[in-house]
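Work through the exercises below with the sequence and the structure open beside you. Try each task before reading its solution.

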Amino acid sequence: MNHPKTLFDKVWEAHVVDEIPDGPSILYIDKHLIHEVTSPQAFLGLRKRGLKVFRPEKTIATADHNVPTLNQHLPIKEELSRNQLNQLTKNCKDFGIELYGLGHKYQGIVHVIGPELGITQPGMTIVCGDSHTSTHGAFGSIAFGIGTSEVEMVLASQCLLQKKPKTMLIEINGELQKGVYSKDIILYIISKISSSGGTGYFVEYSGSTISSLSMEARMTICNMSIEMGARGGMIAPDQKTFDYVENKKFSPDGIDFDNKVKYWKSLVSDSNAKYDKVLKFDAKDIEPMITYGTNPGMGMKIRDKIPELPMEGSKDSFDKSLNYMGLKSGTHLLNKKIDYVFIGSCTNSRMEDLRIAAKFIDGKQKASGVSAWVIPGSKQVEKMAKEEGIDKIFKNAGFEFRQPGCSACLAMNDDKIPKNKFCVSTSNRNFEGRQGPGSRTMLASPLTAAATAVNGYVTDVRDYI
Amino acid sequence: MEKFNNILSKATPIHIENIDTDQIIPARFLKAVSREGFGDNLFRDWRYDNMNNPIEDFILNRADKTNKILVAGRNFGCGSSREHAAWAIYDFGFRVVVSSFFADIFNNNALNNGLLTIKLNEKSLSKVFELIRENEKIEFNVDLENQVFFTNNGSFNESFSINSFNKTCLINGYDSIDYLNSKKDSILQFEKLNKL
């Protein structure tokens with residue numbers, strides 16, 4: 001009998017071109033996604049070497065990190081941002097790469113458009129110069145973020161040099177409480193194992209709780225795998241996955257699709273497969289979560305008090321973090337007044353996220369003094385939201401419903417949270433200055449964010465359902 | 001990529017854990033389209049106040065600008081995959097980062113740019129911080145060939161690990177892209193076998 005294999009092993013081994021002794025493997029990449037911020041220097045490198053893009057049809061580009069979320073039809077005001085986007089357009093044209101730039105009906109956050117266009121499929125290797133590429137692992141693909149030198153490697157050779165990571169299984173079983181969403185699951189896991197607990201590992205998520213989740217909810221979980229330090233996270237594909245992929249723009253169709261599904265069904269870990277580490281969690285222990293510090297591991301149940309001591313690392317770094325946030329150990333965040341709410345980012349800007357938030361705020365008003373922004377993940381999400389009237393629900397409640405992009409998740413464009421202002425955000429990082437210099441971020445689920453916007457203070461959604 | 005030469009240098013200590021790439025280089029400075037010049041904004045929001053005046057007690061504003069070794073707390077380089085973080089550290093003048101734990105993507109990015117990462121155990125890292133605290137002029141040697149990090153007077157001497165592929169690339173200034181291009185036949189063969 002063959003050696004039992006994990007899902008990760010199966011996909012990895014199918015893509016190894018060669019192995020270098022005491023070095024990395026040469027890994028073949030099926031799909032490469034690029035955007036304006038981490039690609040220009042890679043194209044510059046190709047030009048300097050006089051190289052072409054080896055397989056231009058396997059790379060797809062969009063503009064997301066640096067785009068405005070208002071008046072996208074107008075020329076971009078800021079010169080550096082405009083130059084970066086123009087550079088992307090020129091590079092794609094010169095090297096024969098498909099670009100869904102600003103104004104295109106498929107434009108959007110790179111990790112939102114990949115799945116919605118069927119670019120993302122089970123069993124693939126997918127990379128992008130962005131750490132949240134782990135999102136695509138929700139389809140049972142090996143997907144991870146890379147640096148710009150690696151973007152250049154993929155453009156030049158369709159391959160990467162990668163050392164095989166260790167594997168970790170995170171199993172979650174049981175039924176979720178009402179008001180608890182996939183964002184809470186992943187914030188809970190990271191709060192238990194820390195922002196570096198997954199470093200060196202590739203994670204597989206499994207168990208009845210994971211199986212019960214929709215594809216979009218699974219994407220939220222895999223998206224934040226990097227926030228525990230893991231290279232990526234993946235979930236074995238099942239009928240929900242196949243149904244999601246079917247009839248998308250780039251999905252195979254007819255007999256090709258049926259044949260693919262036959263192969264995709266083999267992409268599950270064998271029953272005796274060995275992992276380097278196994279962690280188990282019970283869904284009933286998970287409650288709505290919120291972060292209080294400056295890394296995603298500094299999270300807690302929404303009714304808890306901020307701890308006195310860090311779970312790992314030094315007290316000095318922990319105190320520095322709380323000091324930046326203007327918060328104190330032993331105090332509650334519940335009922336704390338906030339200034340901004342941001343619903344968006346590659347973590348939580350898909351239709352399901354917007355529907356959950358809209359359902360709660362329908363007929364309500366945001367609190368005065370709170371600025372609330374909703375940034376759909378893509379032009380297609382924006383279009384669907386308008387068709388369903390969700391944009392109107394947000395607007396009627398006093399939220400700004402803007403145009404697609406990464407926006408205030410990393411504040412590269414004008415969407416910045418001012419110094420010392422508190423923002424409850426559905427994004428993925430609460431680092432110092434992440435949402436603008438001096439900004440104070442609390443990460444939470446779209447429902448928690450919506451309820452907090454309405455009340456103007458940190459809210460436990462379970463009080464309302 | 002430039003060849004990595006052995007180093008004898010003072011070290012700049014940043015005794016903070018979980019330094020993420022947003023601290024190393026904030027996103028608003030990622031709008032350039034070349035690799036040069038990011039050193040000016042290295043640790044921007046720790047180095048300058050909101051009026052762009054240097055914050056005098058931040059170590060980067062006090063330490064000797066010619067130091068080639070940066071020493072930082074555990075889980076250095078976590079967060080975003082932005083290679084601009086490695087470029088900024090290199091552009092500022094550092095050639096080595098010492099910590100007890102590096103985030104994976106940062107580690108790859110550093111090595112791909114000739115920036116050596118030295119991983120020490122927690123106790124040894126504390127010792128390095130302590131030695132610098134006692135004498136900020138203390139110099140450390142980095143001998144990549146023999147994989148040792150040490151002081152001349154013997155107060156510190158630790159070996160470090162690095163895989164032989166990365167080591168060869170650093171010592172010779174080889175580039176992974178040249179290597180991958182030399183493997184085109186295997187890649188074409190792989191595509192043919194897998195009907196890609």
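**Exercise 1. Find the bridge partner of Asp18(A) in β2(A), then follow the strand pairing onward.**

Solution. Step 1: within β2(A), Asp18(A) has Ile26(A) as its bridge partner. This is a predicted model, in which local features need pLDDT of at least 70, side-chain atom pairs count only at pLDDT 80 or more, and totals for chains, interfaces and linings use all residues. Residues are numbered from 1 along each chain as its sequence is written, while chains are lettered from A and ligands numbered from 1 in the order in which they are written.

Step 2: β1(A) and β2(A) are antiparallel and share 3 bridges. Strands (E, at least two residues) and helices (H or I, at least four) are DSSP runs numbered from the N terminus, and two strands pair if DSSP finds at least two bridges between them.

Step 3: the hairpin of β1(A) and β2(A) has 5 residues between its strands, and Asp22(A) there takes a positive phi near 45°.

Step 4: β2(A) also pairs with β8(A), in the antiparallel sense, over 4 bridges. Here Ser25(A) has Gln162(A) in β8(A) as its bridge partner.

**Exercise 2. Compare the expected and actual span of helix α3 of chain A, then sort its residues into buried and exposed.**

Solution. Step 1: the expected span is 1.5 Å times one less than the number of residues. For the 17 residues of α3(A), residues 79–95, this gives 24 Å, and the end C-alpha atoms are 24 Å apart, which agrees.

Step 2: the buried residues of α3(A) are Ser81(A), Gln84(A), Leu85(A), Leu88(A), Asn91(A) and Cys92(A). Down the helix axis these buried residues fall within an arc of 120°, so they line one face of α3(A); the arc is that of the directions from the axis to the C-beta atoms. A residue is buried if 20 or more other C-beta atoms, placed from the backbone, lie within 10 Å of its own, exposed if 12 or fewer, and partly exposed in between.

Step 3: Glu79(A), Lys90(A) and Lys93(A), on the other side of α3(A), are exposed.

Step 4: the cover over the buried residues includes α2 (40–49), β4 (59–62) and β5 (98–100) of chain A.

Step 5: just after α3(A) comes Gly96(A), with a positive phi of about 75°.

**Exercise 3. How many residues of chain A are in contact with chain B, and which element of chain A gives the most?**

Solution. Step 1: 56 residues of chain A are in contact with 44 residues of chain B, where contact means C-beta atoms, placed from the backbone, within 7 Å.

Step 2: the elements that each supply at least two residues to this side of chain A include β1 (16–19), β2 (25–28) and α11 (315–325). α5(A) gives the most, with 7 residues.

**Exercise 4. Is each of Asn420(A) and Lys195(B) buried or exposed?**

Solution. Step 1: Asn420(A) lies in the loop between β17 (400–401) and β18 (422–425) of chain A. Asn420(A) has 12 C-beta neighbours inside 10 Å and therefore counts as exposed.

Step 2: Lys195(B) lies in the segment after α9 (184–193) of chain B. With 5 other C-beta atoms within 10 Å, Lys195(B) is exposed.

Step 3: check the backbone. Most residues other than glycine have a negative phi. Asn420(A) has a positive phi near 65°, and Lys195(B) has a positive phi of about 50°.

Technical notes
Two residues are in contact if their C-beta atoms, placed from the backbone, lie within 7 Å.
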